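Please open the model in your viewer and keep the sequence panel visible beside it. The tour below proceeds stop by stop, with a selection to make at each one.

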Amino acid sequence: MIYDAQEARQIDEWAKTSGLPLEVLMERAGSEIAKRIKSMHTKKERILIICGTGNNGGDGYVIGRELVRDGYDITIHAPFGKTKTTTAQLHQHYAENFGLVTEAVCGQYDLIVDGVFGTGFDGTRLTETIHDLFEWVSEQQQQGAKLYAIDIPSGVPSDQTTDFSGQALKADVTFLLHAFKRSAFLLKTASFFGKPEQIDLGLPAFGGWQLVTESIAPLLTRDPYGHKGTYGTALLIGGSETMPGSIQLAARAALRSGVGKLQVATVPAAQIGLIVNAPEAMVLEQTMTAIQEMMKQVDVVGIGPGLTSDSTADWVEFLLAQDVPVILDAGALIRDSYPERKEAIVVTPHIGEFARMTNQTVEEVQDDLFGQASEYAVLHQVIVVLKAHVILVATPEGGGYVINGASSGLAKGGSGDTLFGILTSLIGQKDYFKHISVEQLIALGASWYAQASKQVEQQLHPSSIVATDVIDQLGQVKHQ
């Protein structure tokens, strides 16, 4: 799961009202982090634990108590004085009974554990004292100290980065308590988390957003008695005389993703390329008449890649009046409202297109990626596939899915067309994948795309990866 600060507080409250006291959760968190530290560090190393006045500080006292009990060289430093929450005070008291008292920092440390601020940090407390502390920790790191953060690196906001100054501790490892926080996926803050390691607190998973980690194996199943009609018919509309390649990439990706029959409405320049590069696709004229005639046969329509026609608005209007799912991309992302309909509307903007669609700057969108995508999806009752350094799939009900870990080689033209083709293909097969919702199909499809890109990276440098490499890899993805 991926939580914002409010959801993190709600899970604490749930635990409390369900008979699981916060002091028990703190004990679990600190004990498990201490266990991880013991697996990575020896008793000969000097370990500093910096404890703030909140519950992160309390976690730090538990870690210190567990480590000192096993003979580790531990220094506890409390730059702002004693803890202030009841639960943290309790564990501070226990630690003091083990002989741990707060001390001033002295000399060079091998490991620093950051328990200064937690998810409640709002960026308003960057006093001169905090600035000096962060500078001192950075100097320690430059001299070779490792930095491990509890739940979230201190100074990093939890939910969005609008007011983030860049002043924060940069962890080598962040021990995420129960779930990821949104800022672990935001452009300005992701790098501050270092290597994320999740700590299971034994709590149920609930919340609006989740990281896609499921196997894509269901997408690769095939009925041995199936035929091409079993796997649906998709219609792609796109391409222009100046951009004939976009729709060809989308078509090739769609064919590699399992759709039974593929129709492509495009211009003559792209038709020639399709005959050569995607002979399995059926080609038709890019006209309203041809599109209208084809609608009786298709299970999904995707429109937009490379499209520059003056008729685009009319085509989109017609398609949204039909009883099939519609995916809008690139040149078809032209509406500011959408009709109520039974079948799904999916919009697939990259970050710049989404900024235009919402009348904001790219930075404003990046600062609140989750909030922006979710707000648009709920307001317009569409599925938003927002393509940034991560891929977000926001649902009309709120929340959604996050796909992380794609190759940096995807940051070039043609990548979005490839993803568009995959998603159109999978939605066209939704009657075959009966037990998977459209939103989940999209999330798994985006994961398939990301995994393929990462596996291509094992043979090619990211700078050399092109969209066709990813398309060719789709059928070879290791999905176990």
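Helices, in this tour, are DSSP runs of at least four residues, numbered from the N terminus. The model itself is predicted.

**Stop 1: the second largest pocket**

Begin by selecting helix α13, residues 415-428. This helix gives the largest share of the lining of the second largest pocket, namely 3 residues. Next, add Lys-387, Ala-388, Leu-410, Ser-415 and Tyr-449, which lie nearest the centre of that pocket. They belong to a lining of 21 residues. The space within the second largest pocket comes to about 500 Å³. If you colour its lining by class, you will find 9 nonpolar, 8 polar and 4 charged residues.

**Stop 2: α13 and α14**

Two packed helices are described by the angle between their axes and the distance between the axes. Keep α13 selected and add helix α14, residues 438-456. At what angle do α13 and α14 pack? The angle is about 140 degrees, and the axes are 9 Å apart. Angles over 145 degrees count as roughly antiparallel, so α13 is oblique to α14. The crossing of α13 past α14 is right-handed.

To see the contact itself, show the side chains on both helices. On α13, select Ser-415, Gly-416, Thr-418, Leu-419, Ile-422, Leu-423, Leu-426 and Ile-427. On α14, select Val-438, Leu-441, Ile-442, Gly-445, Ala-446, Trp-448 and Tyr-449. This contact of α13 with α14 has 11 nonpolar and 4 polar residues, and no charged ones. Ser-415 and Tyr-449 take part in this contact, and they were also among the residues nearest the centre of the second largest pocket.

**Stop 3: α6 and α13**

Hide α14, retain α13, and select helix α6, residues 245-256. The axes of α6 and α13 are 7 Å apart, and the packing angle is about 45 degrees. These two helices are therefore oblique to each other. Their crossing is right-handed.

Which residues of α6 meet α13? They are Ser-246, Leu-249, Ala-250, Ala-253 and Ala-254, and they meet Asp-417, Thr-418, Phe-420, Gly-421, Ile-422 and Ser-425 in α13. The contact of α6 with α13 divides by class into 6 nonpolar, 4 polar and 1 charged residues.

**Stop 4: α2 and α4**

Clear the selection and choose α2, residues 22-40, followed by helix α4, residues 86-97. The axes of α2 and α4 come within 9 Å and cross at roughly 55 degrees. That angle makes α2 oblique to α4. The crossing of α2 and α4 is right-handed. Leu-22, Glu-23, Met-26 and Glu-27 of α2 make the contact with Thr-87, Ala-88, Leu-90 and His-91 of α4. The contact of α2 with α4 comprises 4 nonpolar, 2 polar and 2 charged residues.

**Stop 5: the largest pocket**

Leave α2 on display and add α1 (5-17) and α3 (55-69); each of these three helices supplies at least two residues of the lining of the largest pocket. Which helix contributes the largest share of this lining? It is α1, with 6 residues. Now select Asp-12, Asn-55, Asn-56, Gly-118 and Thr-119, which lie nearest the centre of the pocket. The largest pocket is lined by 35 residues and has a volume of about 810 Å³. Coloured by class, its lining shows 16 nonpolar, 12 polar and 7 charged residues.

Conventions:
Residues numbered from 1 in each chain as written. Predicted model: local features only at pLDDT ≥ 70, side-chain atom pairs only at ≥ 80, totals over all residues. Heavy atoms only, no water. 1 Å grid on protein atoms, 1.4 Å probe; cavity = no way out; pocket = protein on both sides within 12 Å on 5 of 7 lines; lining within 4 Å. Points joined across faces, edges and corners; volume = space filled by probe spheres on them. Nonpolar A, V, L, I, M, F, W, Y, C, P; charged D, E, K, R; others polar. Axes fitted to C-alpha atoms, helices over the stretch in contact; angles between N-to-C directions. Parallel < 35°, antiparallel > 145°, perpendicular 65-115°, else oblique. Left-handed = near helix turned anticlockwise from the far one by under 90°. Contact = heavy atoms within 4.5 Å.
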